[in-house]
Amino acid sequence: MQVIMVSHKEFEGAGKQPGLQVWRIENMDLKPVPKGLHGNFYTGDAYLLLFTTQAPSHYIHMWIGDECTQDESGAAAIFATQLDDFLGGGPVQFRETQNNESLTFVGYFKSGIKYQKGGVASGFQHVVTNDMNVKRLLHIKGRRAIRATEVAMSWASFNQGDCFIVDLGKDIYQWCGSECNRFERLKASQVAIDIRDNERNGRAKLQMVEEGAEPPALTEALGPKTSIAPATPDDDKVDTSNRKKGALYMISDASGSMKSSVVAQSSPFKQAMLSPEECYILDNGVDRNIFVWKGPKANMTERKAAMAAAQQFIKEKGYSDKTQIQVLPAGGETTLFKQFFSDWKDKDQTTGPSKAYTIGRIAKVEQVPFDASTLHSNKAMAAQHGMVDDGKGKVQIWRVENGEKVPVDPSSYGQFYGGDCYLILYSYRLGGREQHIIYTWQGLKCTQDELAASAFLTVKLDDSMGGAPVQVRVTQGQEPPHLMSLFQGKPMMIHSGGTSRKGGQTKAGATRLFHIRQSSSRATRAVEVEPSASNLNTNDVFVLKSPDALFVWRGVGASDEELEAAKHVAGFLGGSANNVAEGKEPAGFWSVLGGKKDYQTSKSLQNMVKPPRLFGCSNKTGRLIVEEVPGDFTQSDLATDDVMLLDTWDQIFIWVGNEANAEERTGAPKIAKEYVDSDPSGRRGLPISTIKQGAEPPTFTGWFQAWDANMWDTDPLDRIRRSTAA
């Protein structure tokens, strides 16, 4: 029988660039969704998503809305199979349903997923316009995975425990219920900022509104205010005790119809149970997860029918139709799958920092030089802001000064000061047309006036270019990989405080320490940190400058590229550098840093195959629940009113936020113990350290890039309030 390779015209550009691509099923065909609207889903539709990593490896997701028709979800499944075929059967495939998406999926949309009523059938289109005739009400739920659902435009939709966004086009109001807490407000404001910056191209005004202090514009839009319903508790989550139970089945189609036979009744399993000639189902249905593992030598029919087999299995077992399905090729197993095996070893698992490891298809994948910083560099942000190209286009930079933009001398491009705001215009060609991105970089120590002026000047620059550019607002320390790649081989240097203004320039400290780390997109950033030995990290390079010495310190796990970048930083600071290897430091080195101190020496950072995971423990809903933080985590994912659990595989940290309540504080150690005891891979007896917000040791902060000890000195919500009040 001849196998016909089906290829859709949309597949031609699929998976060519790292980042996210989204299509909607329209009249049984694929239509791309514009980048500015990624994260918006109509609940009457089905979607196909493809996420491509640097390696490249591929993740295919089909997403099914609650009101989607059978035909559309069927079409999405067919396109997912065809795209998998087109990419050589190497991608991981996920089936996602509204409100039950996988962590991998939620991680692409750090500023939330937005569900909108309607769909193709009712004439709703995905278009970015400067059309301000919008009128909708969004109900924001979630502390880690944020979901914004469109609800009826009426006071009856509100409750006191949540945040709501009243979107009136050119004005966006974030309404906060009287019982809504700070972290939830902060997460809701990310959604509101995302609507302003991406859907309205930065042209809308965002305002924060407290319950009881509603401006007239709200009563005009929603009618006279009626009484607001009290807070409603969230649905109970599945009991955690049985969540980690799994059973393993082998599937065969010997008789032409799929059959499954038990291999092992309960986890943990042994990796040797998976034969390369077969396909298997790992049944974790109690936690609404089903995995299909495709053996590399299994027959084609079985491999192609993997998704269908899982759907049939769910029906036979009587599981909820909201059950998550992941279809995994050998070599592309997800953390969630691997945790059910006690002895899992990845192919090419490295023993040291020099070798390379691959993700995804073993044979055809370009070997990625091992780089410990891939743990930290924010892939979710890369997915949203995308590495549009290699950063070799045209760059223009201005600094905000007295409400105006002043050109920066090209010789100091790549130098940023924490006391300033900058506008960076990047122009490149795509398909014969000139495209533009405006990055608005806001230093952590810049003034309120500068913050306001930078937002205003961005819109002005955007207007002068016909409103075509993409606008990306960047806070110091959260630079997306593409921005870091603009300085071609030179690291992006971030000076801690002060300003680069002539005359107003603050004098640099006598002793300065720069932390140099390369991100997964191979861009390097040098961030000035407090000159203390506790800030060193075995995985990176540091440049230390004192009035009479200059040292370049290389950690055991650091890369050659980081060392190369350090030479540039040393050249900028002036003087001839002494190279110092970790473990062979001269006494003079420690004395400049004020003495020897403990720092991050965790070797597991160096041959990291299992990425660290971060969870929040919260009883805001009335009972203590644990949720994983989706995507790549950053310091701002640590909720100051919760207890967080960081799992670095050889140890567990319990981080106690200053505003966590007594039940969370006392319940967390028990949760951490249960977490380890119920670990499906059978890890036992790991060290569990409890640490307090503001007193984090380097063994903890080393998992976050450019940890900022002063991050919580100012309330991040206040920063947002001040920048929106401008």
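In the predicted model, the side chains of lysine 294 and aspartate 84 form a salt bridge, with an N to O distance of 3.4 Å. Lysine 294 belongs to strand E16 (residues 289-294) and aspartate 84 to helix H1 (residues 70-86), so this pair ties together parts of the chain that lie 210 residues apart in sequence. Both partners fall under the 20% limit of relative accessible area that defines a buried residue: the value is 1% for lysine 294 and 6% for aspartate 84.

Helix H1 also takes part in a second contact of this kind, in which aspartate 85 pairs with lysine 304 and the closest N and O atoms are 3.3 Å apart. Here, too, distant parts of the chain are linked, as lysine 304 is located in helix H5 (residues 300-304) and aspartate 85 in helix H1, a separation of 219 residues. The surroundings of this pair are described by relative accessible areas of 35% for lysine 304 and 23% for aspartate 85. Lysine 304 is accordingly classed as partly exposed, and aspartate 85 is likewise partly exposed.

A further salt bridge connects lysine 187 with aspartate 637, at 3.5 Å from N to O. Lysine 187 is part of helix H3 (residues 182-199), whereas aspartate 637 is found in the loop between strand E31 (625-628) and strand E32 (643-647); the two residues are 450 positions apart in the chain. Lysine 187 and aspartate 637 are both buried. In addition to such pairs, salt bridges with shared partners join Arg143, Arg144, Glu184, Glu627, Asp641 and Asp642 into one network. The count of salt bridges in the model comes to 27.

Turning to the strands, an open sheet is built from 7 strands in the order E3-E7-E9-E8-E10-E11-E12, and its pairing is mixed. Strand E3 (40-42) and strand E12 (205-210) form the edges, each pairing on one side only. With direction ignored, neighbouring strands of the sheet are turned against each other by 25 degrees on average.

Within this sheet, strand E8 (residues 136-141) runs antiparallel to strand E10 (residues 163-167), to which it is joined by 5 bridges. Among the bridge partners in E10 are isoleucine 165, which is matched with leucine 138, and valine 166, which is matched with leucine 137. Strand E8 also runs antiparallel to strand E9 (residues 147-151), and 5 bridges join these two strands. Leucine 138 thus has a partner in each neighbouring strand, isoleucine 165 in E10 and glutamate 150 in E9. In general, strands of a sheet pair through backbone hydrogen bonds, in either a parallel or an antiparallel manner.

Strands E8 and E9 form a hairpin with 5 residues between them, and glycine 142 in the turn has a positive phi of about 105 degrees. Strand E8 is largely enclosed by the rest of the structure, because 5 of its 6 residues are buried.

Key: Residues numbered from 1 in each chain as written. Predicted model: local features only at pLDDT ≥ 70, side-chain atom pairs only at ≥ 80, totals over all residues. Heavy atoms only, no water. Pairing = 2+ DSSP bridges. Helix = DSSP H or I, 4+ residues; strand = E, 2+ residues; numbered from the N terminus. Axes fitted to C-alpha atoms, helices over the stretch in contact; angles between N-to-C directions. Salt bridge = Lys/Arg side-chain N within 4 Å of Asp/Glu carboxyl O. Buried < 20%, exposed > 50% of the residue type's maximum accessible area, 1.4 Å probe, protein only.
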